[in-house]
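Me: Let's work through this model by question and answer. Keep the replies short and give the cut-offs as they come up.

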2 protein chains.
Amino acid sequence: MRIGELARRAGTTTRALRYYESRGLLPARRGGNGYRAYDEEDLRLLRQIRVLQDFGFELEETRPFVECLQAGHPAGDSCPASLEVYRAKLAELDAMVARLSEVREVLAGQLAQAEAARDALAGAGPGEPRCELVRTGE
Amino acid sequence: MRIGELARRAGTTTRALRYYESRGLLPARRGGNGYRAYDEEDLRLLRQIRVLQDFGFELEETRPFVECLQAGHPAGDSCPASLEVYRAKLAELDAMVARLSEVREVLAGQLAQAEAARDALAGAGPGEPRCELVRTGE
DNA sequence: CTAGACCTTCACCCCGACGTCAACGCCAGC
DNA sequence: GCTGGCGTTGACGTCGGGGTGAAGGTCTAG
């Protein structure tokens, strides 16, 4: 299998594959004409890379999984190094979610407070209180 | 107050202030010598910008708040446009948290499964099962 | 007088994961 | 033998957001 076919079958581009190879992530054998030659196993490696990428892993973080498969293990996450990456990623996600949630709560509070202030002003405002149900914006 | 003092008092840099001005976000009056002249009100605007930036707002998203203050309102979020930005940000954060949480759950499942597979192999493996309680990593 | 703060403009940086040429080689079909 | 479609390499561009750096000049405070 040549680079174009592999790219097509994995739903990526030849440019990406050459990039992976340049990073030492997905080495390719070469035919006599200099063309890269891939097999089904390479397709597995590539799929592993892409699944993890879709989960938000950086390219470097997929390396242990790829190496694990290359070493003949049944799955990319059969090796301790891969499990470590999983754990690190989980911690990273947890931290991110915690940070975002905290900001979210603060903002929700600010919004509620600002809306309350607006409504209070509207109610105590000039003689012609705006009708809340007919706001033109929104 | 000149640019250096304002920067110091707001905990930012003169470069950033000139950048804000170039974006039309924090215009400055000029003295006869061409120097930018700021007052306490500008410090308020700047603090508003920085607070929102710390919450993860983009510069453009802080604009309604700044304009609201410039218009003489008591707070940056006293205007409908600011409230809209709040709501949009909340929705954005919620979407982000949902996406990350989903990935987190999938990964946690993968990790658990991979660990179970490893332990099963260790138990059914060669005659000398590794002691789970003395894992050197961790 | 001189150091430091200020002015302007233009360019550059950071990050990752590629995309986009350019200029060439290889090979199948007609 | 020629065209078209693959393949090769390397160098450079892109995206986005929020700035930073340098050069070269002016102004001010002590």
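Me: How far does a backbone N or O atom of L59(B) lie from a phosphate oxygen of DNA strand D?

Reply: This is a predicted model: local features need pLDDT of at least 70, side-chain atom pairs count only at pLDDT 80 or more, totals for chains, interfaces and linings use all residues, and side-chain values use heavy atoms, with hydrogens and water left out. Residues are numbered from 1 along each chain as its sequence is written, while chains are lettered from A and ligands numbered from 1 in the order in which they are written. A polar contact is a pair of N or O atoms within 3.5 Å (within protein, one must be able to donate a hydrogen and the other to accept it, and residues adjacent in sequence count only if both atoms are side-chain atoms). For the backbone of L59(B) and the phosphate oxygen of DNA strand D, the distance is 3.2 Å.

Me: What separates an N or O atom in the side chain of R18(A) from a phosphate oxygen of DNA strand D?

Reply: Side chains reach the phosphates of DNA strand D too. For N33(B), a side-chain N or O atom is 3.0 Å from a phosphate oxygen. For R18(A), the value is 2.4 Å.

Me: Which elements give two or more residues to the surface near DNA strand D?

Reply: Helices (H or I, at least four residues) and strands (E, at least two) are DSSP runs, numbered from the N terminus. "Near" means that a heavy atom of the residue lies within 4 Å. Chain A supplies two such elements and chain B one: α1 (3-10) and α2 (14-22) of chain A, with α2 (14-22) of chain B.

Me: Where does the largest share of the surface near DNA strand D come from?

Reply: There are 20 residues around DNA strand D, with G4(A), R18(A), R36(A), R15(B) and Q53(B) coming nearest. By class, 8 are nonpolar, 5 polar and 7 charged (Ala, Val, Leu, Ile, Met, Phe, Trp, Tyr, Cys and Pro are nonpolar; Asp, Glu, Lys and Arg are charged; the others, Gly among them, are polar). The largest share, 4 residues, comes from α2(B).

Me: Now the other strand. How far does a polar side-chain atom of R15(A) lie from a base oxygen of DNA strand C?

Reply: Two contacts go to phosphate oxygens of DNA strand C: R18(B) at 2.5 Å and Y20(A) at 2.7 Å. R15(A) instead places a polar side-chain atom by a base oxygen. That distance is 3.0 Å.

Me: Which element gives the largest share of the surface near DNA strand C?

Reply: The surface near DNA strand C draws two or more residues from each of α2 of chain A and α1 (3-10) of chain B. In total 18 residues surround this strand, and the closest are T13(A), Y20(A), Q53(A), R18(B) and R36(B). The largest share is 4 residues, from α2(A).

Me: Why do the buried residues of α2(A) line one face of the helix?

Reply: The buried residues (under 20% relative accessible area; exposed is over 50%, partly exposed in between; 1.4 Å probe, protein chains only) are A16(A), L17(A), Y20(A) and E21(A). Seen down the axis of α2(A), they line one face because they fall within an arc, taken from the directions from the helix axis to the C-beta atoms, of 140 degrees.

Me: Which exposed residues does the face of α2(A) turned away from its buried side carry?

Reply: One of them has come up already, at a base oxygen of DNA strand C. The exposed residues on that face are R15(A) and S22(A).

Me: How many aromatic pairs does a search of the whole structure find?

Reply: Rings of Phe, Tyr and Trp (its six-membered ring) pair if their centres lie within 6.5 Å; planes under 30 degrees apart are stacked, over 60 edge-to-face, the rest tilted. Over all chains, the count is 6.

Me: Is the pair of Y19(B) and Y20(B) tilted, edge-to-face or stacked, and why?

Reply: Y19(B) is partly exposed at 42% relative accessibility, whereas Y20(B) is buried at 4%. Their ring centres are 6.3 Å apart and the planes stand at 50 degrees, so the pair is tilted.

Me: At what angle are the planes of F57(B) and F65(B)?

Reply: Both rings are buried: F57(B) has a relative accessible area of 2% and F65(B) one of 0%. Their centres are 6.1 Å apart. The pair is edge-to-face because the planes are at 90 degrees.

Me: Which ring does the charged end of K89(A) sit over?

Reply: A charge sits over a ring if NZ of Lys or CZ of Arg is within 6 Å of the ring centre and within 35 degrees of the ring normal. In chain B, K89(B) sits over F57(B), 5.3 Å from its centre. In chain A, the charged end of K89(A) is 5.3 Å from the ring centre of F57(A).
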